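I opened this entry to record what I looked up, item by item. Confidence comes early, then charged pairs, rings and surface.

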Amino acid sequence: MAATLGGRSKAFSAANTSCSCSAPRVAPVRTTISTRRTSHKVRAIELDFSDPDTQLSVAGLVIGVVLGVGAPAWYINRTERDEERLEELRAMNRATFKETGEYMTDDEIAQIRKPKWTDRR
C-alpha cells in the first residue's frame, strides 16, 4: 500500500509540475461556519434619577459641558472687549498728544485701564 501511495504522490506531483508556468494545485481547506445566529434583544438603559449616583453623574455632565464651552467663550468675549477698550485708550492718548504734545503717563493709563497679565506677552 505504501508503494501505491508513493506512486500516486509521484503521479500527482508530475501532473502538477508538468507546466512550469502554473503553481501546483492545492485543494482548498474547508472551514465550517456556524449557521446558528444568536438574537439579542435591544434593551433601553434604565436611569433612575432618584439615585444619588445618577444625580451626581448628570450634575457632573452638565457642569462639565457648561464650563467646557462657557469658559472659553467668556474668555474670548472679555479679550474682544479689552481690545475695544485698548483702542479707545490709544485714541485718547493720540488726542492728548495732539493737544499737549505729551503722551499720557503709565500711571494715568493704569487708572483708566488696569494692566492685564496678557499685556506682558
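I call a residue buried when its relative accessible area is under 20%, exposed when it is over 50%, and partly exposed in between. Asp82 has a relative accessible area of 9%, so I noted Asp82 as buried.

Entry: confidence. I am working from a predicted model. I looked up the mean pLDDT of the protein and found 79, with 68% of the residues at 70 or more. I then asked which element has the lowest mean pLDDT and which the highest. Helix H1, residues 2–16, has the lowest at 53, and H2 has the highest at 93. Where pLDDT is low, the predicted coordinates should not be read in detail.

Entry: salt bridges. Side chains of opposite charge can pair when their charged atoms come close. I used a cut-off of 4 Å between a side-chain nitrogen of Lys or Arg and a carboxyl oxygen of Asp or Glu. How many salt bridges does this rule give? The count is three.

I began with Asp82. Asp82 forms a salt bridge with Arg113, and the closest N and O atoms are 2.8 Å apart. Asp82 sits in helix H2 and Arg113 in the segment after helix H3 (106–112), so this pair ties together parts that are 31 residues apart in sequence. I checked whether Arg113 is buried or exposed. Arg113 has 9% relative accessibility and therefore counts as buried.

Next I took Glu84, which is bridged to Arg81 with the closest N and O atoms 3.1 Å apart. Both Glu84 and Arg81 are in helix H2, three residues apart, or about one turn of the helix. Glu84 is at 45% relative accessibility, so I entered Glu84 as partly exposed. Arg81 is at 29% and also counts as partly exposed.

The remaining entry under this heading is Glu87 with Arg90, where the closest N and O atoms are 2.8 Å apart. Glu87 and Arg90 are three residues apart in helix H2, so about one helical turn separates them. I have Glu87 as partly exposed because its relative accessibility is 41%. Arg90, at 39%, is partly exposed as well.

Entry: aromatic rings. I searched the whole structure and got one aromatic pair. The pair is Phe97 with Tyr103, and it is stacked, at 4.4 Å centre to centre with 10 degrees between the planes. Phe97 counts as partly exposed because its relative accessibility is 35%. Tyr103 has a relative accessible area of 52%, so I put Tyr103 down as exposed.

Entry: nonpolar surface. Which residues make the nonpolar surface patch of about 610 Å²? I listed Ile45, Leu47, Phe49, Val58, Val62 and Val66. I followed up Val66, which is found in helix H2 (residues 52–100). Val66 is at 51% relative accessibility and therefore counts as exposed.

Entry: Thr54. I looked up Thr54 and found it in helix H2. With a relative accessible area of 15%, Thr54 is under the 20% limit, so I noted Thr54 as buried. I asked what Thr54 contacts once its neighbours within four places in sequence are left aside. Thr54 is in contact with Asp48 and Phe49. Phe49 was already in my notes as one of the residues of the nonpolar surface patch.

Methods:
Residues are numbered from 1 along each chain as its sequence is written. This is a predicted model: local features need pLDDT of at least 70, side-chain atom pairs count only at pLDDT 80 or more; totals for chains, interfaces and linings use all residues. Side-chain values use heavy atoms; hydrogens and water are left out. Patches are made of residues with over 30% relative accessible area and no salt bridge: like charges are joined within 9 Å, nonpolar side chains (Val, Leu, Ile, Met, Phe, Trp, Tyr) within 5 Å. Accessible areas come from the Shrake-Rupley method with a 1.4 Å probe; for residues, only the protein chains shown count as cover. Helices (H or I, at least four residues) and strands (E, at least two) are DSSP runs, numbered from the N terminus. Buried means under 20% relative accessible area, exposed over 50%, partly exposed in between (1.4 Å probe, protein chains only). Rings of Phe, Tyr and Trp (its six-membered ring) pair if their centres lie within 6.5 Å; planes under 30 degrees apart count as stacked, over 60 as edge-to-face and the rest as tilted. pLDDT is the predictor's confidence in each residue, from 0 to 100. Contact means heavy atoms within 4.5 Å.
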